[in-house]
Structures are given as structure tokens and as C-alpha cells.
Amino acid sequence: MITQLFDSSGRLIINYHYYSGDWLPLLFAFLMGLSMLIYGLLDGYDLGVGMLSIFSKDKEEKDKMIASIGPFWDANETWLVLGVGILLIAFPKAHGIILTSLYLPVFIMLIGLIFRGVAFDFRAKCEKKFQKKWDIAFFAGSLTTALAQGYMLGFYIAGFQSNWQSIIFSFLVSISLAIGYCLIGANWLIMKTSNDLQKRAINWARLSLYGAIFCIFLVSIGTPIASVRIFSKWFIYPDIFYLLPIPIFTGLLVLLMYSFLKKLPLKDDKMCWVPFALTIPIAILCFAGLAYSFFPFIIPEQIAIVHAASSDSSLKIVLIGVSIVLPVLLGYTFFTYKVFHGKVSPLKYD
Amino acid sequence: MDALILSRIQFAANISFHILFPAITIALGWFLLFFKLRYNSTQNYKWMNIYFFWTKVFALCFALGVVTGITMSFQFGTNWPGFMNSVGNIAGPLLGYEVLTAFFLEATFLGVMLFGFNKVKPWVHTTSTILVTIGTTLSAFWILVLNSWMQTPSGFEMVDGVAIVTSWKEVIFNPSMPYRFVHKLLASGLTASFLIAGISAYRYTKGYQADSVKSAIKVSVICAALLIPIQIVIGDLHGLNTLKYQPEKVAAMEGNWETQKGIPLILFAIPDKKTRSNKYSVEIPKLSSWILTHDLNGEVLGLNDFKEHPPVGPVFWSFRIMIAVGLLMLFVSWLGFYFYIRKKSLPNFYYKILTLMTFSGWFATLAGWYTTEVGRQPYLVSGVLKTADAIIPNIVLPSYTRVPSTHIAFSLTIYIVVYTLLLIAFISTLFYMARNSEDKEFDEKEFDPRTGQRRTIISTEKIIV
């Protein structure tokens, strides 16, 4: 199969061929996307809780919020390492270019991740007088990480162009992602907490939802300015009709979440898990939209997925590992969520 | 300064800071398992008290190890794109297997191990401890496979500047891997032993003389006394392996400039790269030849016979620091062993020595790593890829711009500030925990003898995350 791609003025940008043997790179691109999606959802809720922790009314409430993510954050972050790992294993050529182009935002994210990860432990073990400082580090680290990740996403969408449009667009995506994480985090808290904290979490979720809707609106306007290619991929007849279900379903799910957030909390805390559960299909739809926008490129407008892949023998040996490990991994992830399911209890070592 | 030297300093700073924590956790995991199993078989609660104190330290070290490890996984791309471009087919799968088999295992079961004691059945908790420990050791295995492959590459061929694997068996079991892996595990065992002994001795001298503290000291001192002679033998074998595959590194370690018979063991010297000789040398005749060739008059290759060799001073000195700390460990642990056998108890000054030795494992570990890593220069992958060639990708796109050195200088400065801060925080928190945590008073009645779990949760306890 040969596919050719033209820019708006009809000039040929790329000419790529697919062969039946290309299923390996494409499969790895799918796996990479999948781990990034899982990462976004899982670390999304704990980064969100981290950002919301600044609004807790006292130490007890903060402890509860942090306890709700305590047993999970380590494993959540590992999905990021897996995502970047697959980029590195399967697409070494793209890996170097993407990460060098994102040098500063990656660095800022890493500093954020460092502070957040260690603040989690230090705040509980350090001398009392330093505790407040680690609490701030926990908040600031979570915020910085979310903003930096959003910036990278925006810059990636815009195809690493260093002009003012793409920088403004990147900042916009950056704020959107942080608000999105807050929404997931607030929904997580609604599920994991009760009483006063839960009521406050419902309120946070509502505010984040308003923010998220506003941001989606701005980003939708901004995308055609930032990337003509993505715009033309979506708004073209007849493709637009096949694609319509994505925004429509997203909109319906958002409305459903909105109505739940208005009604909660219900008697006996019924349905408290619904808002969090709703974030999952929303995230999948958004991600599908993004994936559609990029395909078949791994570096927008420059390198196609199949052209950046490493040798088949390397991909195969990793695939063997992935097929064995992934089911086991999902199994024991499920197990830990079962162990710590239900409303949060104070974290104790003994 | 240019991007190359800044990137090198940055990576060295990152990896040096990172290794401090895995060096503890790899073996501390096995110690925790030992304490847990001792409790399971004796039902003496002092073992659980040791376990709980050291899980907190484990959690702290683990978090520091995770965040600094993530930093490094990104730096392969941000600072060394050429590395993945040329040897990505080998490094990629090895790192991938680390993430798949080790990272997820340890990170997931860590939650159960730390916070699940009262939520799961005792055997599930013990199993979680085992899985976390296996995870950390597997993680060390994959990383050391990759590092060893970079030192002594095998099982591949170069096609158009890209390494293609010919035999995964040879890649994984490359010539230096078994030695380096065992050497590193033992080093971790010693690092954790001296850490446990040092902190416990500190608790003891601060007046907290519970059974749990005494037992922790005894276990760790005896463990160190057993491990150090094994480590010396393995270290020697590792050295002989290096002599075979990387003779220029050994020449730098020995400060041996000329190929000659019966080379001396140099105790002290200042290698001078201008005159290509040693100044102020203090030596024991023929001993190096004997160690390296097991013959007093054995011939050993000198630096002048190599077209390229690593910088001599740093390799020469870090090797000596490692050996010196190792000998100190031997002396201190055997002294403790002697006290236990002859006197049945430890004299007060010995606790002070143990406290001073708390971080001795760190010094030996870092010095050892500097010896082997600087000793590989100017190559990143011996004979295959030069360090200088790894800072740019070998395919360049129109939009590609090199990372400006000002950006690297900026990130390096922040990293150093952050890491210094974290190191201070870690050490002070560790000693704070040692001073301020006492074993909990456990009442036998609280335990359900059938399940081994507590019936009620003591409500007055602090919430410890």
C-alpha cells in the first residue's frame, strides 16, 4: 500500500509505503499509545490529587487525600517509563529527536516528578518543622509535572515549531491538561472519601469540569492555527461524518458527568464511583482523536511510524516479553486495587 | 564549556546520585525478607519492629531511587540521542525488559508491602515482600547486563553504524556480566549491612537499647563479616576478567605506564599525564604482577602500548579509594565478629565506629563505579561508540537543532542544587527517624493467634505515610 500526503498547497510532503511486515512497528505504536493513555489516567488522578492538596482545609484532610493515592503512585508512574521505554526501544530515531526538541520541558517535568515523589515520603518522616515545606513541594511538584506534560503535548501537536502561535498553543494545552488532571483527581477523591472531604471534592470536580469544557473550546479553536494538517484531516468531506461520533460521544459523556456531579452525594454514597468511571471513556475518546490526528506520523510531518522503527529482531524479542508480562502485570495491578479498594483509611506500615 | 562535557557531568551527577539508593534497596529488600521470615518462624515481635523501622527507610530510598531513575531514562534521549541510534537495538530491549519484569513488579507490590500488613493475609504480605525484593534484584540484573555489554560488547554486528544482534545469549551473558552482577549484589549487601549497623548503633548510643536494635546490629555486622571476604575474591576475579577484555583500564587502575615484567603495587602516587609517569610513588615491588598474573615476574601491558586509554588519575585514585574502604569494612566487621564470639557483647567505642561507617558502602560503591566507568573512556561502548559521538543523533531532520549548551548548563545547575538538597534531607531525616522512632508496645492479646494479624488497630498512632 502506498500513501501520499500533500500539504494545503498541493505539494507532496511525504510518500510512504506500507508492507505487510510493518505490523510490528504499528503494533508498538499502539502499545506506546496505550501505555501513555493508561499513564494519563492513572498518574492523572494522583497528580490531580497532588494539585488539589493545596486546597485541603487542614492537615488531617491533606493526610487523607495523600493516603488515597499512597499505595498506587509508584506503579502509576511506571507507565510513563514504559511509554518512553517503548519510544526508545521501538523508535530510537524518533526518541532522540523528540526528547532533544523537548529538552527544557522534559527537564522541568523531571524536577517536578522528583519533588513530588520524594515529598510524599519526606512529609511523613521528616521533622515537624519541615513538613509544611514538603507539603508545598508536593503540590508544586504535581503542578509543575502536569503543566510540563501539557506543554510537551501541545508542542508535539504543533510539530515542534518554535513560533509564537505554537508557544501560546502549547501553554494553552498545558493549562488544559492540568485542569483535566484536577478533574480526574477530584473524581478519584469522590470515590475514595466521604462526608465533608467528599462534598468538597464534588465541588472541585464541578469547577474543573467547567474549566475543562472552556479549555476544550479554546484548544479546538487553536488547533487549526497551530497545525493546518490536523485541521485538514478532521474537516474534510466525507471524513468529518465518520469522525463525528468522537466529539458527540465525548460531549454526551461530559453532560452525563455534569448531571452526576450535580446530584452527588446520593444516599448511602451510591454511585460515588460514576464520575471517575466516566473519565475513562472520555480519556479514551480524546486519545483516539489525538491518535487519528497524528497517524501515520511519529514526528508530526517529518517521520512516519514505520520509518522510525528499530530492527524487527529487536522488536520481536520485546514483543515476546510484552505478551507474557502484560497480562500478569494487569492481573497484579488489579490485585492491589482490590486490596486497597473502598474508602481510604490512614496509611500505616503495621 | 561545550555540550559534551556538560552532558557528561550532568549524567555523572545523575547516575551517582541515583546509584546511592538502589545500592541500599537491592540488599535491604533481602534483609527485610529475612526479618519477616524470622518473625514468621519465631513469632518474636522484635523482628517485626526491626522490619517496620527498616521498611520506612526502604520506602524513602525506593522513592528517591524511582524519581532519579526516571530522570535517567529520559536523559538517554535528551542528552545522548546518538547512543540509542547506534546501539538502540540492544540497549532498548534490555531496558524494556527491566521495566516489564522488574519496575512494575516492585512498584506494584511495594504498596502491599508497605501498607498492607493489616489488609492482607500474612502469607500474602510475605509474598509481596519477596516479590519486591526479586523485583529490585531483577532490575539490577538488567541494568548490569546493559552496563556490562557496554564494557565488553559481544553477540552483535555493526551494519551501517547500527548494532544488530546476532545472539541474545551472548549479549546477555557477555564476558564481564557475571562478575559485575555478583560484585554489585555483594556491594549492595555490604552497603545495606553498614547502613543498618550504623543507624542501629546510633540509636543504641542515643539511649534506645531495645532488643530489636541489638539484634539488628548483630545481624548486619555478621552479614558484613561474611560478605566482605567473598567480595574480595569476586573483586579479584572481576579484575582478572577486566585484564583480559579491557587491559587499558587495568593499566590505568595500576598506574602502569610501560609494559614490563614484575610490576609493583603502587600504594600512593600522582600520575602525571604530561610526563607519562608517576610522581611521589610509594610501591611494593612485584605485587601487582603477582595479583594480576599470579606470577611475581608476570608481564603486564602498560598504558604506552595503547593508542587510546582512559584518563589515568581519576581511575587510579577511585580504585584506591574503593580498596581502602573495602579493607576498612573488613577490619570493622571482623572486629565486631571477634567481640561477639569472645566477649559476647560490644564495647562502647565500637558503636561509635559503626556509626561513622554508616555510609561507607556509598563511598566504596561510587569509587568502584568511577573506576569502571571512567576506565571505559573515551568510549561509551568499548570499541564501538565514542562518548563524543553519542551527543547528536546520527540522522538529522530539517527541524533538528542541537540542544544549546546554555540549556544543559541550566539544567545541570538545577540538578546539582536539587540533589544536594535531597541528600541533606535524606541523611538528616534518616537520623531524625533513628532518634525519634521507638518500637511500639505490642500487647499479645491484640493478636489473633490463628491469623497472626492484629485484631484492633491502635488509634493513638501517628499516621505514617
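# Guided tour of a predicted two-chain model

Begin by selecting Lys62(A), Asp63(A), Lys64(A), Met65(A), Ile66(A), Ala67(A), Ser68(A) and Ile69(A), the buried residues of helix α2 in chain A. The model on display is a predicted one. With eight of its 11 residues buried, α2(A) is mostly covered. Now add the surroundings: these buried residues pack against α1 (23-52), α3, α5, α6 (128-157), α7 (164-192) and α8 (195-226) of chain A.

**The contact between the chains**

Next, display both sides of the contact, to which chain A gives 63 residues and chain B gives 64 residues. On the chain A side, at least two residues each come from α2 (59-69), α3 (73-90), α4 (92-101), α5 (103-125) and α13 (312-339). The largest share of that side, 16 residues, belongs to α5(A). Coloured by class, the side of chain A that touches chain B shows 38 nonpolar, 15 polar and 10 charged residues.

Keep α5(A) selected and add helix α2 (residues 45-79) of chain B; the two axes come within 9 Å and cross at roughly 175°. An angle over 145 degrees counts as roughly antiparallel, and α5(A) is therefore roughly antiparallel to α2(B). To see the contact itself, pick from α5(A) residues including Tyr103(A), Leu110(A), Ile114(A), Phe120(A) and Lys125(A), and from α2(B) residues including Lys56(B), Leu60(B), Val67(B), Phe74(B) and Thr78(B). The residues of this contact comprise 15 nonpolar, three polar and three charged.

**The nonpolar core**

Which residues have the most contacts inside the largest nonpolar core? Select Ile190(A), Ile298(A), Trp54(B) and Ala224(B); the core they belong to has 244 residues. Helix α3 (residues 81-115) of chain B provides the largest share of this core, 21 residues. Centre the view on Trp54(B): apart from neighbours within four places in sequence, Trp54(B) is in contact with Leu28(B), Phe31(B), Leu32(B) and Ile196(B).

**Helix pairs in chain B**

Return to α3(B) and add helix α4 (residues 122-151) of chain B, which packs against α3(B) at an angle of about 160°, the axes being 8 Å apart. α3(B) is therefore roughly antiparallel to α4(B). The crossing of α3(B) past α4(B) is left-handed. In their contact there are 21 nonpolar, seven polar and two charged residues.

Then select helix α1 (residues 3-42) and helix α13 (residues 405-436) of chain B, whose axes lie 9 Å apart at an angle of about 20°. Since angles under 35 degrees count as roughly parallel, α1(B) and α13(B) are roughly parallel to each other. α1(B) also passes α13(B) in a left-handed crossing. On α1(B), the residues to show include Leu6(B), Ile9(B), Ala13(B) and Phe17(B); facing them on α13(B) are residues including Ile408(B), Leu412(B), Tyr415(B) and Tyr419(B). This contact has 11 nonpolar, five polar and no charged residues.

**A last stop at Val381(B)**

Finally, select strand β7 (residues 379-381) of chain B, where Val381(B) is found. Is Val381(B) buried or exposed? Val381(B) counts as buried because 22 C-beta neighbours lie inside 10 Å. Beyond neighbours within four places in sequence, Val381(B) is in contact with Val87(B), Met150(B) and Pro153(B). To end the tour, draw a distance from Val381(B) to Ile24(B): their C-alpha atoms are separated by 27 Å, and the two residues are 357 residues apart along the chain.

Notes. Residues are numbered from 1 along each chain as its sequence is written. Chains are lettered from A and ligands numbered from 1 in the order in which they are written. This is a predicted model: local features need pLDDT of at least 70, side-chain atom pairs count only at pLDDT 80 or more; totals for chains, interfaces and linings use all residues. A nonpolar core is a set of buried Ala, Val, Leu, Ile, Met, Phe, Trp, Tyr and Cys residues joined through C-beta atoms within 7 Å. A residue is buried if 20 or more other C-beta atoms lie within 10 Å of its own, exposed if 12 or fewer, and partly exposed in between; C-beta atoms are placed from the backbone. Helices (H or I, at least four residues) and strands (E, at least two) are DSSP runs, numbered from the N terminus. Two residues are in contact if their C-beta atoms, placed from the backbone, lie within 7 Å. Ala, Val, Leu, Ile, Met, Phe, Trp, Tyr, Cys and Pro count as nonpolar, Asp, Glu, Lys and Arg as charged, and the others, Gly among them, as polar. Axes are lines fitted to C-alpha atoms, for helices over the stretch in contact, and angles run from 0 to 180 degrees between N-to-C directions. Angles under 35 degrees count as roughly parallel, over 145 as roughly antiparallel, 65 to 115 as roughly perpendicular and the rest as oblique. A crossing is left-handed if the near helix is turned anticlockwise from the far one by less than a right angle, and right-handed if clockwise.
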